[in-house]
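I opened the model with a short list of things to look up. Here are my notes, in the order I took them.

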Amino acid sequence: MEYVTHGLIRRMTGNDLEQVLSWRNHPDVRRFMYTQHEITLAEHIRWFDRASVDTARHLLIFEIDGEAQGFINLHEIAPGGIADWGFYAAPNAHKGTGRQLGNKLLQYAFGELGFHKICGQALAFNERSIQFHLRLGFEQEGILRDQHFDGQQYHSVVCFGLLATDWQTTTER
Ligand SMILES: CC(C)(COP(=O)(O)OP(=O)(O)OC[C@H]1O[C@@H](n2cnc3c(N)ncnc32)[C@H](O)[C@@H]1OP(=O)(O)O)[C@@H](O)C(=O)NCCC(=O)NCCS
């Protein structure tokens with residue numbers, strides 16, 4: 001796998017709030033999330049105030065040349081460095097941004113934070129995210145059938161996992 005080192009991961013701050021909200025509310029991002037209503041700034045600020053003081057959560061920005069290109073929510077869900085991730089690239093980002101975001105995030109999570117496993121979940125119709133996880137080296141670990149109801153219909157959820165040891169093997173190649 002190509003190992004891209006461009007860009008960096010940093011903590012999200014209050015200055016990023018409006019930009020992250022505009023990405024989150026964009027139809028090309030929103031339709032792939034579990035909650036699909038348009039989020040108000042007040043709701044977004046309440047979420048940030050809570051989540052940014054939760055030590056199990058890492059709210060992160062991927063940036064290139066000082067410009068924010070995507071958001072990642074890394075959530076430690078179990079002892080021993082096991083985390084879930086959620087993410088989106090800026091909807092107007094160049095093709096290839098997601099890959100860079102993914103590589104940098106894995107380097108940060110496994111390298112700097114010393115995590116053991118990263119887990120991802122994608123709605124079954126989110127083919128881009130499914131391909132994206134596989135391309136980064138994640139294993140598909142299961143499918144939760146009809147696990148999500150969007151108000152009109154049920155969707156299955158595809159679960160992915162990547163171990164630090166898998167990641168080291170692919171990056172050493
Ligand atoms: C998922 C996401 C981060 C990918 O970012 P991106 O910049 O589009 O991805 P890249 O251009 O870097 O492509 C990386 C890989 O993603 C997959 N991919 C990207 N666009 C794709 C498409 N239109 N169809 C299928 N796979 C696609 C491919 O595997 C691709 O690798 P390849 O180019 O070697 O084939 C981005 O599309 C996004 O933010 N989507 C909306 C939010 C979302 O779905 N988040 C994930 C929730 S689980």
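I began at the ligand: one of its oxygen atoms is 2.8 Å from an N or O atom in the side chain of N126. I call that a polar contact, a pair of N or O atoms within 3.5 Å. This is a predicted model, where local features need pLDDT of at least 70, side-chain atom pairs count only at pLDDT 80 or more, and totals for chains, interfaces and linings use all residues. Residues are numbered from 1 along each chain as its sequence is written, and side-chain values use heavy atoms, leaving out hydrogens and water.

Backbone atoms take part too. An N or O atom of the F87 backbone lies 2.9 Å from a ligand nitrogen, and one from the Q131 backbone lies 3.3 Å from a ligand oxygen.

Next I looked at the sheet. Seven strands (DSSP E runs of at least two residues, numbered from the N terminus) form an open, mixed sheet in the order β1-β2-β3-β4-β5-β7-β6. Strands pair here if DSSP finds at least two bridges between them. Why do β1 (8–11) and β6 (139–149) stand at the edges? Each has a single partner strand, so one side of each is left without a neighbour in the sheet.

I then followed β6 to its partner. Seven bridges join β6 to β7 (residues 154–163), and the two run antiparallel. In this pair, L144 stands opposite V157 of β7.

Last, I checked helix α5 (residues 127–136), which packs on the sheet and touches β4 (82–89), β5 (117–123), β6 and β7. Contact there means heavy atoms within 4.5 Å, and helices are DSSP H or I runs of at least four residues.

Methods: Axes fitted to C-alpha atoms, helices over the stretch in contact; angles between N-to-C directions. Polar contact = N/O pair within 3.5 Å; in protein donor to acceptor, adjacent residues only side chain to side chain.
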